[in-house]
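Got the viewer open? Here's a short tour, one selection at a time.

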Amino acid sequence: MLILNSKDVAKALTMAEAITEMERAFAVLARGAVELPQRTQLRVAGERGTSLIMPCHAADERGSGGEALMVKVASVFPGNLEREMATINGAVLVLDPETGVPEAVMDAGSLTAIRTAAASGLATRLLAPRDARVLAVIGAGGQARSQLAAVCAVRPIEEVRVYSRTAERAHEMVEELGGESSATLRVVGSAGEAIADADVICTATTSAQAVFEDRDLKANVHLNAVGAYRPDLAEIPVETCGRAFVVVDSLAAAREEAGDLIQAVAAGVMNWPEIGAELGELVLGRVEIPPRPGVTLFKSVGLAVQDAFAAKAALANARQLGLGAEVSLE
(Lines give C-alpha, C1' and ligand atoms only; values in the text may rest on other atoms or scores of the structure.)
Protein backbone atom coordinates (compact mmCIF):
# COMPACT_ATOMS: atom_id res chain seq x y z
CA MET A 1 0.00 0.00 0.00
CA LEU A 2 1.29 3.45 -0.93
CA ILE A 3 1.34 6.26 1.63
CA LEU A 4 1.20 9.79 0.22
CA ASN A 5 1.69 12.83 2.44
CA SER A 6 0.43 16.31 1.63
CA LYS A 7 3.52 17.25 -0.41
CA ASP A 8 3.26 14.02 -2.39
CA VAL A 9 -0.39 14.71 -3.22
CA ALA A 10 0.39 18.27 -4.32
CA LYS A 11 3.14 17.02 -6.63
CA ALA A 12 1.01 14.19 -8.00
CA LEU A 13 -2.07 16.23 -8.93
CA THR A 14 -1.77 19.53 -10.78
CA MET A 15 -4.69 21.93 -10.79
CA ALA A 16 -5.16 21.61 -14.55
CA GLU A 17 -5.44 17.82 -14.30
CA ALA A 18 -7.70 18.10 -11.25
CA ILE A 19 -10.13 20.30 -13.20
CA THR A 20 -10.22 17.68 -15.95
CA GLU A 21 -10.89 14.97 -13.37
CA MET A 22 -13.72 17.00 -11.86
CA GLU A 23 -15.31 17.34 -15.28
CA ARG A 24 -15.23 13.54 -15.56
CA ALA A 25 -16.47 13.06 -12.01
CA PHE A 26 -19.50 15.32 -12.39
CA ALA A 27 -20.35 13.84 -15.79
CA VAL A 28 -20.34 10.32 -14.34
CA LEU A 29 -22.42 11.54 -11.40
CA ALA A 30 -24.98 13.13 -13.72
CA ARG A 31 -25.26 9.88 -15.67
CA GLY A 32 -26.08 8.02 -12.46
CA ALA A 33 -23.03 5.75 -12.53
CA VAL A 34 -22.00 6.51 -8.93
CA GLU A 35 -22.91 4.98 -5.60
CA LEU A 36 -22.74 7.99 -3.31
CA PRO A 37 -24.26 7.66 0.18
CA GLN A 38 -24.93 10.89 2.05
CA ARG A 39 -21.85 11.62 4.11
CA THR A 40 -21.94 11.18 7.86
CA GLN A 41 -21.26 14.29 9.94
CA LEU A 42 -19.90 13.57 13.39
CA ARG A 43 -19.97 16.62 15.65
CA VAL A 44 -17.18 16.55 18.21
CA ALA A 45 -18.18 17.40 21.78
CA GLY A 46 -17.82 21.04 22.71
CA GLU A 47 -18.21 22.14 19.07
CA ARG A 48 -14.48 21.70 18.59
CA GLY A 49 -15.09 20.49 15.06
CA THR A 50 -16.80 18.08 12.72
CA SER A 51 -15.54 14.80 11.30
CA LEU A 52 -16.96 13.78 7.92
CA ILE A 53 -17.07 10.17 6.65
CA MET A 54 -17.46 9.98 2.87
CA PRO A 55 -17.56 6.71 0.84
CA CYS A 56 -17.91 6.40 -2.94
CA HIS A 57 -17.91 3.85 -5.74
CA ALA A 58 -17.80 5.17 -9.30
CA ALA A 59 -18.57 2.60 -11.99
CA ASP A 60 -16.25 1.90 -14.91
CA GLU A 61 -18.62 3.58 -17.33
CA ARG A 62 -18.30 2.42 -20.95
CA GLY A 63 -14.95 0.77 -20.29
CA SER A 64 -13.27 4.13 -19.74
CA GLY A 65 -11.06 2.94 -16.91
CA GLY A 66 -12.87 5.29 -14.59
CA GLU A 67 -13.90 2.85 -11.87
CA ALA A 68 -12.91 4.02 -8.41
CA LEU A 69 -13.58 2.94 -4.83
CA MET A 70 -12.58 4.96 -1.78
CA VAL A 71 -13.50 6.21 1.68
CA LYS A 72 -12.47 9.59 3.06
CA VAL A 73 -12.45 10.74 6.65
CA ALA A 74 -11.92 14.48 6.91
CA SER A 75 -12.13 16.62 10.03
CA VAL A 76 -12.82 20.37 10.06
CA PHE A 77 -11.58 21.98 13.27
CA PRO A 78 -11.64 25.80 12.98
CA GLY A 79 -9.81 26.19 16.30
CA ASN A 80 -6.72 24.65 14.75
CA LEU A 81 -5.79 28.06 13.39
CA GLU A 82 -4.95 29.14 16.93
CA ARG A 83 -2.64 26.14 17.14
CA GLU A 84 -1.03 27.09 13.82
CA MET A 85 -2.41 23.89 12.33
CA ALA A 86 -4.49 23.27 9.20
CA THR A 87 -8.25 23.53 9.65
CA ILE A 88 -8.93 20.43 7.51
CA ASN A 89 -7.14 17.16 8.23
CA GLY A 90 -7.84 13.55 7.41
CA ALA A 91 -7.03 10.61 5.18
CA VAL A 92 -8.31 9.04 1.97
CA LEU A 93 -8.28 5.27 1.70
CA VAL A 94 -8.17 4.09 -1.93
CA LEU A 95 -9.36 0.52 -2.54
CA ASP A 96 -8.95 -1.78 -5.53
CA PRO A 97 -12.48 -1.92 -7.01
CA GLU A 98 -11.89 -5.49 -8.20
CA THR A 99 -10.79 -6.97 -4.87
CA GLY A 100 -11.39 -4.36 -2.15
CA VAL A 101 -7.71 -4.51 -1.21
CA PRO A 102 -6.35 -1.17 0.11
CA GLU A 103 -4.08 0.40 -2.50
CA ALA A 104 -3.18 3.71 -0.89
CA VAL A 105 -3.69 6.11 1.98
CA MET A 106 -3.19 9.78 1.19
CA ASP A 107 -3.49 13.10 2.98
CA ALA A 108 -7.08 14.31 2.79
CA GLY A 109 -6.36 17.96 3.54
CA SER A 110 -4.28 18.49 0.42
CA LEU A 111 -6.53 16.37 -1.79
CA THR A 112 -9.67 18.13 -0.51
CA ALA A 113 -8.21 21.58 -1.16
CA ILE A 114 -7.23 20.64 -4.72
CA ARG A 115 -10.46 18.88 -5.71
CA THR A 116 -12.69 21.51 -4.07
CA ALA A 117 -10.93 24.29 -5.92
CA ALA A 118 -10.91 22.28 -9.15
CA ALA A 119 -14.71 22.06 -9.02
CA SER A 120 -14.79 25.84 -8.61
CA GLY A 121 -12.40 26.12 -11.55
CA LEU A 122 -14.76 24.00 -13.64
CA ALA A 123 -17.76 26.09 -12.58
CA THR A 124 -15.83 29.30 -13.29
CA ARG A 125 -14.94 28.04 -16.77
CA LEU A 126 -18.62 27.37 -17.47
CA LEU A 127 -20.23 30.38 -15.76
CA ALA A 128 -17.86 33.32 -15.29
CA PRO A 129 -17.47 36.17 -17.77
CA ARG A 130 -14.92 35.10 -20.38
CA ASP A 131 -12.99 38.35 -19.98
CA ALA A 132 -12.85 38.15 -16.17
CA ARG A 133 -9.81 40.04 -14.93
CA VAL A 134 -10.41 40.74 -11.22
CA LEU A 135 -10.69 38.01 -8.59
CA ALA A 136 -11.71 38.54 -4.96
CA VAL A 137 -10.83 35.86 -2.41
CA ILE A 138 -12.43 36.02 1.02
CA GLY A 139 -10.52 33.79 3.42
CA ALA A 140 -6.82 33.03 3.59
CA GLY A 141 -6.53 29.36 4.51
CA GLY A 142 -5.53 26.39 2.38
CA GLN A 143 -8.84 26.37 0.55
CA ALA A 144 -8.48 30.04 -0.37
CA ARG A 145 -5.04 29.44 -1.84
CA SER A 146 -6.32 26.60 -3.99
CA GLN A 147 -9.36 28.60 -5.13
CA LEU A 148 -7.03 31.31 -6.40
CA ALA A 149 -5.01 28.77 -8.38
CA ALA A 150 -8.12 27.20 -9.89
CA VAL A 151 -9.69 30.44 -11.09
CA CYS A 152 -6.40 31.67 -12.53
CA ALA A 153 -6.14 28.38 -14.45
CA VAL A 154 -9.33 29.08 -16.42
CA ARG A 155 -9.58 32.88 -16.67
CA PRO A 156 -7.01 35.62 -17.53
CA ILE A 157 -6.95 37.07 -14.02
CA GLU A 158 -4.81 40.21 -13.69
CA GLU A 159 -5.66 41.35 -10.15
CA VAL A 160 -6.41 39.34 -7.00
CA ARG A 161 -7.75 41.02 -3.86
CA VAL A 162 -7.51 39.02 -0.65
CA TYR A 163 -9.51 39.75 2.49
CA SER A 164 -9.44 37.86 5.77
CA ARG A 165 -10.66 38.81 9.23
CA THR A 166 -7.13 37.85 10.30
CA ALA A 167 -5.08 40.33 8.28
CA GLU A 168 -1.83 38.58 9.14
CA ARG A 169 -2.98 35.43 7.37
CA ALA A 170 -4.00 37.43 4.30
CA HIS A 171 -0.55 39.00 4.13
CA GLU A 172 1.06 35.57 4.52
CA MET A 173 -1.04 34.24 1.66
CA VAL A 174 -0.14 37.13 -0.65
CA GLU A 175 3.54 36.85 0.23
CA GLU A 176 3.50 33.09 -0.32
CA LEU A 177 1.67 33.13 -3.66
CA GLY A 178 2.78 36.48 -5.08
CA GLY A 179 5.80 35.03 -6.83
CA GLU A 180 3.87 32.09 -8.24
CA SER A 181 1.12 34.05 -9.98
CA SER A 182 1.21 36.29 -13.03
CA ALA A 183 -1.58 38.33 -11.45
CA THR A 184 -1.03 41.17 -9.00
CA LEU A 185 -2.02 40.10 -5.48
CA ARG A 186 -2.88 42.55 -2.73
CA VAL A 187 -4.48 42.53 0.71
CA VAL A 188 -7.52 44.76 1.24
CA GLY A 189 -9.12 45.98 4.43
CA SER A 190 -12.72 44.85 3.96
CA ALA A 191 -14.87 42.39 2.08
CA GLY A 192 -16.62 45.29 0.37
CA GLU A 193 -13.31 46.58 -0.97
CA ALA A 194 -12.40 43.09 -2.13
CA ILE A 195 -15.54 42.47 -4.17
CA ALA A 196 -16.02 45.96 -5.61
CA ASP A 197 -16.00 45.51 -9.42
CA ALA A 198 -14.70 41.94 -9.03
CA ASP A 199 -15.55 39.58 -11.89
CA VAL A 200 -15.13 36.41 -9.84
CA ILE A 201 -15.48 35.99 -6.07
CA CYS A 202 -14.41 32.97 -4.02
CA THR A 203 -15.48 32.56 -0.41
CA ALA A 204 -13.60 29.99 1.63
CA THR A 205 -14.41 30.56 5.30
CA THR A 206 -16.23 28.81 8.13
CA SER A 207 -18.40 31.85 8.77
CA ALA A 208 -21.85 31.53 10.32
CA GLN A 209 -23.08 34.70 8.58
CA ALA A 210 -22.72 36.37 5.21
CA VAL A 211 -19.20 37.63 4.57
CA PHE A 212 -20.19 40.51 2.25
CA GLU A 213 -23.16 42.73 1.41
CA ASP A 214 -25.33 41.93 -1.60
CA ARG A 215 -25.39 45.59 -2.63
CA ASP A 216 -21.61 45.59 -3.13
CA LEU A 217 -21.74 43.10 -6.03
CA LYS A 218 -21.31 44.29 -9.61
CA ALA A 219 -24.04 43.48 -12.13
CA ASN A 220 -22.25 40.57 -13.81
CA VAL A 221 -20.23 38.45 -11.42
CA HIS A 222 -19.59 34.80 -10.70
CA LEU A 223 -19.30 33.45 -7.14
CA ASN A 224 -17.79 30.22 -5.86
CA ALA A 225 -18.93 29.50 -2.30
CA VAL A 226 -17.16 26.54 -0.70
CA GLY A 227 -16.96 27.25 3.01
CA ALA A 228 -20.44 26.56 4.45
CA TYR A 229 -20.90 22.80 4.82
CA ARG A 230 -23.55 22.78 7.57
CA PRO A 231 -27.07 24.28 7.77
CA ASP A 232 -25.93 26.71 10.48
CA LEU A 233 -23.11 28.17 8.38
CA ALA A 234 -23.46 30.72 5.57
CA GLU A 235 -21.12 32.92 3.53
CA ILE A 236 -23.48 34.30 0.87
CA PRO A 237 -26.27 36.82 1.66
CA VAL A 238 -29.77 35.41 1.26
CA GLU A 239 -30.56 38.27 -1.14
CA THR A 240 -27.74 37.13 -3.43
CA CYS A 241 -28.92 33.53 -3.35
CA GLY A 242 -32.43 34.68 -4.20
CA ARG A 243 -31.47 36.55 -7.37
CA ALA A 244 -28.57 34.45 -8.67
CA PHE A 245 -28.50 31.66 -11.23
CA VAL A 246 -27.52 28.95 -8.75
CA VAL A 247 -25.56 25.81 -9.62
CA VAL A 248 -24.81 23.15 -6.99
CA ASP A 249 -22.59 20.09 -6.94
CA SER A 250 -25.52 17.96 -5.75
CA LEU A 251 -29.07 19.08 -5.07
CA ALA A 252 -29.63 16.28 -2.53
CA ALA A 253 -26.47 17.22 -0.63
CA ALA A 254 -27.23 20.93 -0.85
CA ARG A 255 -30.67 20.46 0.70
CA GLU A 256 -29.01 18.77 3.68
CA GLU A 257 -25.84 20.80 4.13
CA ALA A 258 -25.64 24.05 2.12
CA GLY A 259 -26.35 26.59 4.84
CA ASP A 260 -26.31 29.52 2.41
CA LEU A 261 -29.16 28.05 0.36
CA ILE A 262 -31.03 26.46 3.27
CA GLN A 263 -31.21 29.84 4.99
CA ALA A 264 -32.26 31.58 1.77
CA VAL A 265 -35.14 29.11 1.37
CA ALA A 266 -36.11 29.62 5.01
CA ALA A 267 -36.13 33.39 4.42
CA GLY A 268 -38.55 32.92 1.53
CA VAL A 269 -36.31 34.46 -1.15
CA MET A 270 -35.86 31.24 -3.14
CA ASN A 271 -37.23 27.72 -3.50
CA TRP A 272 -35.40 24.47 -4.18
CA PRO A 273 -37.13 23.94 -7.56
CA GLU A 274 -35.64 27.27 -8.66
CA ILE A 275 -32.06 25.95 -8.43
CA GLY A 276 -30.56 26.45 -11.89
CA ALA A 277 -28.74 23.14 -12.27
CA GLU A 278 -26.34 20.61 -10.87
CA LEU A 279 -22.80 21.05 -12.18
CA GLY A 280 -22.85 17.70 -13.97
CA GLU A 281 -25.90 18.78 -15.95
CA LEU A 282 -23.98 21.78 -17.24
CA VAL A 283 -21.02 19.57 -18.15
CA LEU A 284 -23.28 17.29 -20.20
CA GLY A 285 -25.13 20.19 -21.80
CA ARG A 286 -28.48 19.20 -20.34
CA VAL A 287 -29.13 22.68 -18.94
CA GLU A 288 -28.52 25.93 -20.77
CA ILE A 289 -27.07 28.92 -19.01
CA PRO A 290 -29.25 32.04 -19.40
CA PRO A 291 -27.82 34.39 -22.07
CA ARG A 292 -27.54 37.23 -19.53
CA PRO A 293 -27.37 35.47 -16.16
CA GLY A 294 -26.16 38.50 -14.15
CA VAL A 295 -25.04 36.95 -10.86
CA THR A 296 -24.07 33.27 -11.03
CA LEU A 297 -23.37 31.24 -7.92
CA PHE A 298 -21.71 27.85 -7.62
CA LYS A 299 -22.47 26.47 -4.18
CA SER A 300 -20.33 23.49 -3.25
CA VAL A 301 -20.54 21.29 -0.17
CA GLY A 302 -18.12 18.69 -1.55
CA LEU A 303 -18.83 15.17 -2.78
CA ALA A 304 -16.98 11.92 -2.34
CA VAL A 305 -17.05 11.33 -6.10
CA GLN A 306 -14.67 14.27 -6.40
CA ASP A 307 -12.28 12.59 -3.99
CA ALA A 308 -12.61 9.28 -5.82
CA PHE A 309 -11.54 10.70 -9.19
CA ALA A 310 -8.91 13.01 -7.71
CA ALA A 311 -7.40 10.21 -5.60
CA LYS A 312 -7.35 7.80 -8.54
CA ALA A 313 -5.45 10.28 -10.68
CA ALA A 314 -3.09 11.24 -7.86
CA LEU A 315 -2.29 7.59 -7.16
CA ALA A 316 -1.54 6.81 -10.80
CA ASN A 317 0.72 9.85 -11.12
CA ALA A 318 2.46 9.16 -7.81
CA ARG A 319 3.39 5.69 -8.98
CA GLN A 320 4.82 7.06 -12.21
CA LEU A 321 6.78 9.74 -10.36
CA GLY A 322 8.01 7.41 -7.61
CA LEU A 323 6.35 9.40 -4.84
CA GLY A 324 5.31 8.15 -1.41
CA ALA A 325 6.31 5.22 0.75
CA GLU A 326 5.25 1.59 0.32
CA VAL A 327 4.05 -0.29 3.41
CA SER A 328 2.60 -3.76 3.94
CA LEU A 329 -0.49 -4.52 5.99
CA GLU A 330 0.41 -8.21 6.23
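**Stop one: the sheet**

Select strand 12 and strand 15 (residues 295–299): the two pair in the parallel sense over 5 bridges. Strands here are DSSP runs (E, at least two residues), with helices (H or I, at least four residues) also taken from DSSP, and both are numbered from the N terminus. Two strands pair if DSSP finds at least two bridges between them. This is a predicted model, where local features need pLDDT of at least 70 and side-chain atom pairs count only at pLDDT 80 or more, while totals for chains, interfaces and linings use all residues. Residues are numbered from 1 along each chain as its sequence is written, and side-chain values use heavy atoms, leaving out hydrogens and water.

Click His222 and you'll find Thr296 of strand 15 opposite. Now add strand 11 (residues 200–203), which pairs with strand 12 in the parallel sense over 4 bridges; Thr203 has Ala225 as its bridge partner there.

Zoom out: 8 strands form an open sheet with parallel pairing, in the order 10-9-8-11-12-15-13-14. Strand 10 (184–187) and strand 14 (277–278) are the edge strands, each pairing on one side only.

**Stop two: inside strand 12**

Color by accessibility. Why is strand 12 (residues 221–225) largely enclosed by the rest of the structure? Because 5 of its 5 residues are buried, meaning under 20% relative accessible area (exposed is over 50%, partly exposed in between; 1.4 Å probe, protein chains only). Show the side chains: Val221, Leu223 and Ala225 point one way, His222 and Asn224 the other.

**Stop three: out to helix 5**

Finish on Glu168, in helix 5 (residues 167–177). Glu168 is exposed, at 56% relative accessible area.
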